[in-house]
Amino acid sequence: MARRKRRGFTREYKAEVVELIRTSGRSVGAVAKELDLSETAVRRWAQQVTVDAGRGGTGALTTAEREELVRLRRENRTLAMEREILRKAAAFFAKESV
């Protein structure tokens, strides 16, 4: 079975799909099949809408919290690289001055 190329979807599209599931009374699987989406992805979208509405389980992150976490991890990686560069530069110049 050939793997499908990974596709990206906007927040608006995801919200429309979840709303379609809630209003139509059809199952997640039926809607996913009709729209040529993976059932797992659609279930994840529906679960994330529940979490964003404040009805998620303990430890579940809202979309805003996830975005902030990604931003902070990226910033942390950058700062660690900068610190490593400065450490190496300090060692290089200390060796040169001796």
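**Figure 1. Helices along the predicted chain.** Helices are DSSP runs of H or I with at least four residues, strands are runs of E with at least two, and both are numbered from the N terminus. In this predicted model, the elements of the chain run α-α-α-α from the N terminus on. The secondary structure therefore comes to four helices and zero strands.

**Figure 2. Overall dimensions of the chain.** The C-alpha atoms fill a box of roughly 75 × 40 × 20 Å along the principal axes. The radius of gyration of the chain is 22 Å, whereas a compact globule of 98 residues would have one near 13 Å. Of the contacts with a separation of 6 or more, 39% join residues that stand 24 or more positions apart.

**Figure 3. The aromatic pair of F9 and W45.** The rings of F9 and W45 form an edge-to-face pair, with 5.4 Å from centre to centre and 70° between the planes. Planes over 60 degrees apart count as edge-to-face, which is why the angle of 70° places this pair in that class. F9 lies in the segment before helix 1 (11-24) and W45 lies in helix 3 (residues 39-52), so the pair ties together parts that are 36 residues apart in sequence. The two partners can also be described by their accessibility. F9 is partly exposed, with a relative accessible area of 28%, while W45 is buried, with a value of 12%. The cut-off for a buried residue is under 20%.

**Figure 4. The aromatic cluster around F9 and W45.** One aromatic cluster is formed by F9, Y13 and W45. A search of the whole structure finds four aromatic pairs, and the pair of F9 and W45 is one of the aromatic pairs.

**Figure 5. The aromatic pair of F92 and F93.** The ring centres of F92 and F93 are 5.3 Å apart and their planes stand at 75°, so the pair is edge-to-face. F92 counts as partly exposed, at 46% relative accessibility. F93 counts as exposed, at 54%. The cut-off for an exposed residue is over 50%, so F93 meets it at 54%.

**Figure 6. Surface and charges of the chain.** The accessible surface comes to about 8,400 Å², and carbon and sulfur atoms hold 55% of this area. Buried residues make up 13% of the 98 residues in the chain. The chain carries 22 positive and 14 negative charges, and the mean positions of these two groups are 6 Å apart.

Conventions. Residues numbered from 1 in each chain as written. Predicted model: local features only at pLDDT ≥ 70, side-chain atom pairs only at ≥ 80, totals over all residues. Heavy atoms only, no water. Phe/Tyr/Trp six-rings, centres within 6.5 Å; stacked < 30°, edge-to-face > 60°. Buried < 20%, exposed > 50% of the residue type's maximum accessible area, 1.4 Å probe, protein only. Rg over C-alpha atoms; globule rule 2.2 N^0.38 Å. Contact = heavy atoms within 4.5 Å. Areas by Shrake-Rupley, 256 points an atom, 1.4 Å probe, with all protein chains shown as cover. Lys, Arg positive; Asp, Glu negative; His and termini not counted. Charge placed at Lys NZ, Arg CZ, Asp CG, Glu CD.
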